[in-house]
Amino acid sequence: MRPARIALFPLLLLPILAVFMAARNHPAADPSGPHPQEKQVRPKHILVIGQTKGFEHDSVSDGMAAIYNMGHESGLWDATLRTDTELITKKDLGRNAKNLDHFDALVFVSTTGELDLDDSQKKDMMSFIQDDGKGFVGVHAALDTNYNWSEYSAMIGGWFDQHPWSTFNAPIVNEDPTFPAVRHFPKAFVKTDEIYQPKDWSRDKVNVLLSLDPTKLDYANNPRIHRTDHDFAVAWAKMYGKGHIFYSTLGHTQEAWNDPDIRKMYFEAIKWVLGMTEGSTASHPRPSGDAH
């Protein structure tokens, strides 16, 4: 039996090795290079999860690789990349395996469907965020995840409810240019991406950072549009207990991860959930003229 196990082991490593090779060859997260003032004595540790149990985005590896590089190039964090959920626990796993006690933040990169989490893992993950004050960043399809777990929706801020325009030239408004993850964006700009429509979501419970400009959208003959208020958030920040939460629908395409604006947004978002920068999570009214 031993030879069979040895032969199988390299095959199990291939998906993770592919992501690491992509990370090594990917451009740096910050084109200007790491800033000496951002160097730390001990880098933070983040756990990046890319498990897909539903739709599989081609950009998962690109996103995971970019986040790995962001930490490597800046020296701010070490990223552990996993396509399984074994480490989402506070149990002692042995075998030199890390658990949530080792990490400072979780990043879900276009996860989909019902992830492989038992009840104890779900409890530990929420305790990690809500009680321990650790961070969580959701990338794109992280909103299309865990529909049978209501606390997940309460934590991240909602659930996916279609993408009315699929991938298109999205007209975006920067609603909070003071927030570190979006202050580099102009007041109004366009990005080619797939913008999700959230359900079980309210701007009263989050700080909307980016949103679609409702005056520049095509509503004709589109049965996928379910929000009668035409309020389509593109990125938001919130608290969940003691934990900092950031979510953005941007990052659907592989090309998005070559966009320095998108990379900087997630770079700064991770810094924010790690407590390295300050940014408000207070909700604010919809910008005047946007309610249609």
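**Close-up views of a predicted model**

**Figure 1. Aspartate 259 and lysine 191 form a salt bridge.** Aspartate 259 is buried, with a relative accessible area of 17%. That value is under the 20% cut-off for buried residues. The model shown here, as in every figure below, is predicted. Lysine 191 is the salt-bridge partner, and the closest N and O atoms of the pair are 2.7 Å apart. The two residues come from distant parts of the chain, 68 residues apart. Lysine 191 sits in strand β7, residues 188-194. Aspartate 259 lies in the loop between β11 (243-248) and α5 (260-273). Is lysine 191 buried or exposed? Lysine 191 is buried, because its relative accessible area is 12%.

**Figure 2. Salt bridges join four residues into one network.** The members are Arg82, Asp84, Glu86 and Arg95, linked by salt bridges that share partners. One of these bridges runs between the side chains of arginine 82 and glutamate 86, at 3.1 Å from N to O. Glutamate 86 has a relative accessible area of 31%, so this residue counts as partly exposed. Side chains of opposite charge can pair when their charged atoms come close. In total, 13 salt bridges are counted in the model.

**Figure 3. Aspartate 116 meets lysine 53 in a salt bridge.** The side chains approach to 3.4 Å, N to O. This pair, too, links distant parts of the chain, with the two positions 63 residues apart. Aspartate 116 lies in the loop between β3 (105-109) and α3 (119-131). Lysine 53 lies in the loop between β1 and α2. How accessible is aspartate 116? Its relative accessibility is 40%, so aspartate 116 counts as partly exposed. Lysine 53 is also partly exposed, at 46%.

**Figure 4. Histidine 57 makes polar contacts with two histidines.** Histidine 57 lies in the loop between β1 (44-49) and α2 (60-74). Its relative accessibility is 8%, so histidine 57 counts as buried. Which side chains does the side chain of histidine 57 touch through polar contacts? One is histidine 140, at 3.4 Å. Another is histidine 252, at 3.3 Å. Leave aside the neighbours within four places in sequence, and histidine 57 is in contact with Ser110, Thr112, His140, Ala141, Glu194, Tyr196 and His252.

**Figure 5. Helices α2 and α5 cross.** Two packed helices are described by the angle between their axes and the distance between the axes. Here the axes come within 10 Å. They cross at roughly 65°. That makes α2 roughly perpendicular to α5, because angles of 65 to 115 degrees fall in that class. The crossing is right-handed. Which residues meet at the crossing? From α2 come Ala66, Ile67, Met70 and Ser74. From α5 come Arg263, Tyr266, Phe267 and Ile270.

**Figure 6. The whole protein has five helices and 11 strands.** The protein has 292 residues, and 54% of them count as buried. Histidine 57, from Figure 4, is a buried residue. So are both partners in Figure 1, lysine 191 and aspartate 259. How many of the contacts between residues at least 6 apart join residues at least 24 apart in sequence? The share is 78%.

Methods
Residues numbered from 1 in each chain as written. Predicted model: local features only at pLDDT ≥ 70, side-chain atom pairs only at ≥ 80, totals over all residues. Heavy atoms only, no water. Helix = DSSP H or I, 4+ residues; strand = E, 2+ residues; numbered from the N terminus. Buried < 20%, exposed > 50% of the residue type's maximum accessible area, 1.4 Å probe, protein only. Polar contact = N/O pair within 3.5 Å; in protein donor to acceptor, adjacent residues only side chain to side chain. Contact = heavy atoms within 4.5 Å. Axes fitted to C-alpha atoms, helices over the stretch in contact; angles between N-to-C directions. Parallel < 35°, antiparallel > 145°, perpendicular 65-115°, else oblique. Left-handed = near helix turned anticlockwise from the far one by under 90°.
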